[in-house]
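Here are some notes for a colleague who is opening this entry for the first time. Please keep the sequence and the model in view while going through the points.

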Amino acid sequence: MILIGMFDSPFVRRVAVSLNLLDLPFEHRNWSVGKDFELIRQFNPLGRVPTLVQPDGEALIDSNAILDYLDEVVGPERALLPRFGKERREALRVVAIAEGAAEKGVQQWYETVFRPEGKRHEPWIERCRTQMHGALAELDRIARARAREWMIGSRLTQADVTTACVFGFLCDALTMSQPAAVYPGLTALSARCEAMPEFRSVKADLNAPSHLNWTRADHEGAAH
Ligand SMILES: N[C@@H](CCC(=O)N[C@@H](CS)C(=O)NCC(=O)O)C(=O)O
């Protein structure tokens with residue numbers, strides 16, 4: 001399988017971490033949604049990542065659809081999303097809140113990357129910020145209530161993978177003031193996850209622009 005997309009995207013990274021956790025080997029194409037847009041469009045009509053290309057050429061798009069497929073491949077015992085009942089509902093809720101936080105973070109980020117300064121709309125950015133922090137506060141509440149346990153049940157699930165990937169992304173991409181003090185539960189969960197080899201091996205190198213999706217230079221003139 002070939003995973004298309006950079007690891008600075010929380011959506012790509014949660015797929016990569018999940019592939020690692022499930023022992024499913026994959027090749028990685030470190031393609032940027034900025035400069036490699038046309039290349040990505042050959043596999044995904046939306047030109048978005050993650051995209052997972054199967055050995056027979058079938059391309060799966062959207063991280064939720066990809067993760068659903070991976071769980072199906074490994075079977076119910078090893079699936080990262082609990083299969084049924086309250087644990088499944090709770091895990092889906094956590095994943096939805098974390099994904100929403102990521103989307104709101106990405107929207108704030110795009111506002112600064114895509115739009116020239118005079119065209120940015122501060123009330124919209126502020127709304128996204130409020131939604132993002134509302135989501136993070138709820139995830140932090142759950143993480144603190146679970147103390148040193150995983151987010152749901154007694155083992156690591158997709159709720160932990162997605163939460164950690166999203167929190168790491170938001171801390172890196174946006175200027176958050178003192179995230180460890182504001183979100184101690186998420187900070188602890190993140191540290192625990194990021195210490196695992198399955199997470200460590202798929203971390204974007206933020207000092208190397210070639211590992212980042214959006215640099216302003218990529219979009220000068222292309223964004224409007
Ligand atoms: N719902 C999608 C969101 C994926 C997403 O937002 N990917 C971003 C990178 S972080 C992207 O492809 N952005 C380029 C674009 O939307 O044009 C998923 O879960 O896969």
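Is A147 buried or exposed?

1. A147 is exposed, since its relative accessible area is 59% and the cut-off for that word is over 50%. The residue sits in the loop that links helix 5 to helix 6. Its phi is near 50°, a positive value in a residue other than glycine. Most residues other than glycine have a negative phi. Please bear in mind throughout that this is a predicted model.

2. D62 also has a positive phi without being glycine, here near 80°. Its place is the loop between strand 4 (59-61) and helix 3. D62 has a relative accessible area of 44%, so it is partly exposed.

3. Next, the chain as a whole. It holds ten helices and four strands, and along the sequence these follow the pattern β-α-β-α-β-β-α-α-α-α-α-α-α-α. The radius of gyration is 17 Å, close to the 17 Å that the globule rule gives for 224 residues, so the chain is as compact as a globular protein of that length. Along the principal axes, the C-alpha atoms fill a box of roughly 50 × 45 × 30 Å.

4. Of the 224 residues, 48% are buried. The accessible surface of the chain comes to about 11,500 Å², and 53% of that surface belongs to carbon and sulfur atoms. Taking contacts between residues at least 6 apart in sequence, 68% join residues at least 24 apart.

5. The largest nonpolar core has 60 residues. L3, L70, L136, L139, M151, L170 and F199 are the members with the most contacts inside it. Elements that give two or more residues to this core include strand 1 (2-4), helix 1, strand 3 (51-53) and helix 3 (63-74), and helix 4 (85-114), helix 5 (122-145), helix 6 and helix 8 (184-194) are also among them. Helix 6 supplies the largest share, eight residues.

6. Why can helix 6 be called largely enclosed by the rest of the structure? The reason is that 13 of its 16 residues are buried. The length of helix 6 (residues 158-173) also agrees with expectation: at 1.5 Å a residue, its 16 residues should span 22 Å, and the end C-alpha atoms are 22 Å apart.

7. L3 belongs to strand 1 and counts as buried because its relative accessibility is 0%. Leaving aside neighbours within four places in sequence, L3 is in contact with V12, V15, A16, L19, F26, E27, H28, R29, P50, T51 and L52. L3 and R13 are ten residues apart in sequence, and their C-alpha atoms are 10.0 Å apart in space.

8. P50, one of the contacts of L3, deserves a look at its backbone. The peptide bond that joins V49 and P50 is cis, with omega about 5°. P50 itself is in the loop between helix 2 (37-41) and strand 3. Most peptide bonds are trans.

9. S18 lies in helix 1 (residues 10-21). With 0% relative accessibility, S18 counts as buried. Which side chain does the side chain of S18 meet in a polar contact? The partner is Q158, at 3.1 Å. Not counting residues up to four places away in sequence, S18 touches L67, L70, L80, Q158 and V161.

10. L136 is among the core residues with the most contacts inside the core. Residues up to four places away in sequence aside, L136 touches A101, F167, L170, M176, Y183 and L186. One of these, L170, is also listed among the core residues with the most contacts.

11. The last residue to check is E111, in helix 4. E111 is buried, as its relative accessible area is 6% and the cut-off is under 20%. Apart from neighbours within four places in sequence, its contacts are K119, R120, H121, W124 and I125.

Conventions
Residues numbered from 1 in each chain as written. Predicted model: local features only at pLDDT ≥ 70, side-chain atom pairs only at ≥ 80, totals over all residues. Heavy atoms only, no water. Expected span 1.5 Å × (residues − 1). Buried < 20%, exposed > 50% of the residue type's maximum accessible area, 1.4 Å probe, protein only. Polar contact = N/O pair within 3.5 Å; in protein donor to acceptor, adjacent residues only side chain to side chain. Contact = heavy atoms within 4.5 Å. Core = buried A, V, L, I, M, F, W, Y, C linked by side-chain atoms within 4.5 Å. Rg over C-alpha atoms; globule rule 2.2 N^0.38 Å. Areas by Shrake-Rupley, 256 points an atom, 1.4 Å probe, with all protein chains shown as cover.
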